[in-house]
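Welcome, and thanks for taking a look at this one with us. Please open the structure and keep it beside you as you read.

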Amino acid sequence: MSAPRLQFADVRRHFGRLSVLQGVSGTVDPGEMMLVTGPNGSGKSTLLRCLAGLLATDGGTIAYQENGTPLDAAERRRRVGVVAPDLAFYAELTVEENLAFFAKLRRVSPARGLDVLGRLALPLDRLAGNLSSGMRQRLRWGFALLHSARLLLLDEPFQNFDAAGERIARELLDEHLAAGGLAVVANPSSLDFQHVATHLDLGR
Amino acid sequence: MFVKEWRCEYRTRYALNTLALFAFTTLVVVSFSLGPLGVDRSHGTAVLPVLLWIILLFSVAAGLPRTFVQEEETQTAMALRLSATPSALFCGKLLYNLTLVFALEVLVTPFYLMMTSLEVASPWLFAAVLAAGGYGLAAGSTLVAAIIAQARSKGTLFSVLSFPILLPLLVLAVELTRGATAGDPGGVAVPVLLLYDATITVAGLMLFPAVWNP
């Protein structure tokens with residue numbers, strides 16, 4: 001079985017006249033993490049959205065393969081695990097109902113997501129609309145790890161976490177990398193990580 | 001998707017309330033305008049089917065365009081794009097909208113017939129037209145709702161796009177409803193209406209991935 005690998009080269013994206021990404025390249029191998037830093041508006045979230053297949057690029061290539069099979073944007077979108085500040089859930093449903101709904105759409109058991117939320121100590125019977133910002137971030141982690149994604153794309157992954165939440169999330173990320181998973185983490189400032197293989201600074 | 005939609009609707013009752021209130025208001029306005037005795041039979045057959053479909057169209061237009069717009073506004077669209085295949089999403093939304101339209105028809109039509117004293121000579125044709133016309137309304141509105149979801153002027157765009165898509169459906173549905181009230185057989189218009197429904201469904205399934213995904 002061939003190991004997953006993410007490779008992107010000369011990725012470009014602009015919004016109208018504003019050029020956000022101007023030829024960004026990088027490679028992430030199994031067990032490795034790429035840290036993307038840069039000030040606000042430097043294109044960190046845009047890059048992650050392009051990698052996730054949520055945003056089309058204007059140029060360049062993004063190649064991601066699992067089990068030796070290259071995945072196109074549509075397949076990549078459904079395989080990756082995403083944590084992002086603008087990822088929201090149904091306010092009228094409870095945490096458990098939200099997770100069960102997305103698990104059903106992905107055709108996986110909600111057990112993995114529920115396990116993650118158990119570790120993050122998130123009450124399952126609370127309506128998503130009544131969660132605090134830190135609790136919503138915990139739910140995003142549960143959503144990202146629900147389907148045991150090999151590639152995690154984490155945009156400001158510890159935003160709004162308290163100390164305990166951040167510690168558990170870091171443990172989850174370490175376990176993911178130790179199991180041969182890949183991760184791309186975007187944050188305005190450099191984070192203290194053990195597994196950073198590549199540092200991409202979009203501020204330069 | 002369908003179960004989730006109804007669970008959320010049951011807890012907020014946004015679309016149900018909008019559709020029911022709009023339908024009730026227009027029903028009352030029409031019945032007051034036509035008077036307690038309704039219109040005479042010759043005028044009724046010509047005018048009342050048109051009014052029925054206008055009530056249904058405007059009630060649908062008040063509630064159904066929110067289908068995808070709400071997902072964008074509440075930012076749940078990203079989680080959906082990451083989890084669902086476009087075809088599953090479109091079918092789930094269509095099924096939900098279809099049940100809303102059928103519920104609306106079940107609610108509105110008996111009251112409308114009662115308040116306007118409209119007699120239906122061919123009840124089976126009448127029911128078939130309501131079913132096929134309701135499906136067309138739901139499918140057309142779902143498709144347009146998906147197209148406008150990421151646009152800026154959503155309301156205006158819904159009206160502009162709905163006009164060419166729903167106009168043939170409404171013309172056919174009105175003609176067939178007239179035929180059902182007068183006791184005329186549907187003739188070729190029934191297969192044409194079914195063909196319209198099939199075309200809109202296939203077009204929706206083919207177009208939806210392109211309008212929903214980047």
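Here is a short briefing on the sheet, the core, the interface and the confidence scores.

This is a predicted model. The predictor gives the complex an ipTM of 0.90, along with a pTM of 0.85. A good place to begin is the sheet of chain A, where five strands pair in parallel.

**The sheet of chain A**

- The strands of this open sheet follow the order 6-7-8-3-9.
- At the edges you will find strand 6 (81–83) and strand 9 (196–201) of chain A; each has a single partner strand, so one side of each lacks a neighbour in the sheet.
- From one strand to the next, the twist averages 15°.
- Strand 3 (residues 33–37) of chain A runs parallel to strand 9 of chain A, and five bridges join the two.
- Within strand 9 of chain A, Leu200(A) is the residue that stands opposite Val36(A).
- Helix 1 (residues 44–52) of chain A packs on the sheet, where it touches strand 3, strand 6, strand 7 (151–155) and strand 8 (182–187) of chain A.
- The direction of helix 1 of chain A makes about 155° with that of strand 7 of chain A.

**The nonpolar core**

- As general background, nonpolar side chains tend to be buried together in soluble globular proteins.
- Here, the largest nonpolar core has 115 residues.
- Which residues have the most contacts inside it? They are Val82(A), Leu153(A), Ala183(A) and Val184(A).
- Helix 7 (residues 123–148) of chain B gives the largest share of this core, with 14 residues.
- Leaving aside residues up to four places away in sequence, Ala183(A) touches Met33(A), Leu152(A), Leu154(A), Leu173(A), His176(A) and Leu177(A).

**Where the chains meet**

- On chain A, 21 residues are in contact with 17 residues of chain B.
- Helix 2 (73–79) and helix 3 (95–106) of chain A each supply at least two residues of the side that touches chain B.
- Helix 3 of chain A provides the largest share of that side, four residues.
- What is the make-up of the side of chain A that touches chain B? Its residues divide into 16 nonpolar and five charged, with no polar ones.

**Confidence in chain B**

- The pLDDT of chain B averages 84, and 93% of the residues score at least 70.
- Among the elements of chain B, the highest mean pLDDT (93) belongs to helix 5 (residues 77–83) and the lowest (80) to helix 2 (residues 14–34).
- A general reminder: where pLDDT is low, the predicted coordinates should not be read in detail.

Terms used: Residues are numbered from 1 along each chain as its sequence is written. Chains are lettered from A and ligands numbered from 1 in the order in which they are written. Two residues are in contact if their C-beta atoms, placed from the backbone, lie within 7 Å. Ala, Val, Leu, Ile, Met, Phe, Trp, Tyr, Cys and Pro count as nonpolar, Asp, Glu, Lys and Arg as charged, and the others, Gly among them, as polar. A nonpolar core is a set of buried Ala, Val, Leu, Ile, Met, Phe, Trp, Tyr and Cys residues joined through C-beta atoms within 7 Å. A residue is buried if 20 or more other C-beta atoms lie within 10 Å of its own, exposed if 12 or fewer, and partly exposed in between; C-beta atoms are placed from the backbone. Two strands pair if DSSP finds at least two bridges between them. Axes are lines fitted to C-alpha atoms, for helices over the stretch in contact, and angles run from 0 to 180 degrees between N-to-C directions. pLDDT is the predictor's confidence in each residue, from 0 to 100.
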